[in-house]
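Here is a short report for a reader new to this structure. Look over the sequence and the model, then read on.

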Amino acid sequence: MHIRRVSFDHPDAMKLNDQVQAEYAVRYGDDGDATPMAAADFDPPNGVYLIAYDEHGTPVASGGWRAQDANDEGNVDGDAELKRMYVVDGMRGRGLARRILAALEEDARAAGRIRMVLETGTKQPEAIALYTSSGYEPCAKFGYYRLYDSSRCFAKPLRPAR
């Protein structure tokens, strides 16, 4: 497995984003995640977007973080918001999401972000299990879906690397 930084509008990122959006649509019965995002949100040093490739060069997992500071959607200064964590069906259960998550946390920490935050939903129990087993704890709701009953928000402090 090889993890590579790409732009959020890279063709492989767009392909995986289409797949995760289709999965959200099935799980939630809508058109997918409507959270506004731009490719520039993930440009270093204010974010990063990662894709894991298998031994054949096929994109199989993705995830990114973008800087968020205090805003009217409930973020606080120093937040790094996780977005578009996804592993393709045939590659799930191999620790790819955990590897991407660790790489994103390290990158956000190096960029000086204070905590990693994420918003997920009740119809994604696998995601909730990944995050809680990785040290994330429930936090005050924030983000686009903060007013939805099905929304769940989590946070994890990012301690400086020693």
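Which feature does UniProt place at residues 1-159? The record, an unreviewed entry, gives "domain: N-acetyltransferase" for that stretch. The model shown here is predicted.

## Overall make-up

Over residues 1-159, helix accounts for 26% of the chain and strand for 30%. The end C-alpha atoms of this stretch lie 27 Å apart.

## The sheet

Seven strands form an open sheet. Their order is β1-β2-β3-β4-β5-β7-β6, and the pairing is mixed. β1 (2-6) and β6 (137-138) are the edge strands, each pairing on one side only.

Take β5 and β7 as one pair within the sheet. β5 covers residues 115-121 and β7 covers residues 151-157. The two run antiparallel, joined by seven bridges. In β7, K156 stands opposite M116.

## Helices on the sheet

Helix α1 spans residues 11-28 and packs on the sheet. It touches β1, β2 (47-53), β3 (59-68), β4 (79-87) and β5. The direction of α1 makes about 85° with that of β4.

Helix α3 is made of residues 125-133. It lies across β4, β5 and β7. Relative to β5, α3 runs at about 160°.

## The largest pocket

Rolling a probe the size of a water molecule over the atoms shows where empty space is left. In this model, the largest pocket holds about 870 Å³ of space. Its lining counts 36 residues. Nearest the centre of the pocket lie Y24, M85, T120, Q124 and A127.

Which elements supply the lining? At least two residues each come from α1, β4, α2 (96-110), β5 and α3. β4 gives the largest share, with six residues. Sorted by class, the lining has 16 nonpolar, nine polar and 11 charged residues.

## Two backbone details

Most residues other than glycine have a negative phi, and most peptide bonds are trans. Two places in this chain stand apart from that pattern.

One is the peptide bond that joins P44 and P45, which is cis, with omega about 5°. P45 is found in the loop between α1 and β2. The other is R84, a residue in strand β4. Phi of R84 is near 55°, a positive value in a residue other than glycine.

Technical notes. Residues numbered from 1 in each chain as written. Predicted model: local features only at pLDDT ≥ 70, side-chain atom pairs only at ≥ 80, totals over all residues. Heavy atoms only, no water. Pairing = 2+ DSSP bridges. Helix = DSSP H or I, 4+ residues; strand = E, 2+ residues; numbered from the N terminus. Contact = heavy atoms within 4.5 Å. Axes fitted to C-alpha atoms, helices over the stretch in contact; angles between N-to-C directions. UniProt positions renumbered as here; feature names shortened; annotations may be inferred. 1 Å grid on protein atoms, 1.4 Å probe; cavity = no way out; pocket = protein on both sides within 12 Å on 5 of 7 lines; lining within 4 Å. Points joined across faces, edges and corners; volume = space filled by probe spheres on them. Nonpolar A, V, L, I, M, F, W, Y, C, P; charged D, E, K, R; others polar.
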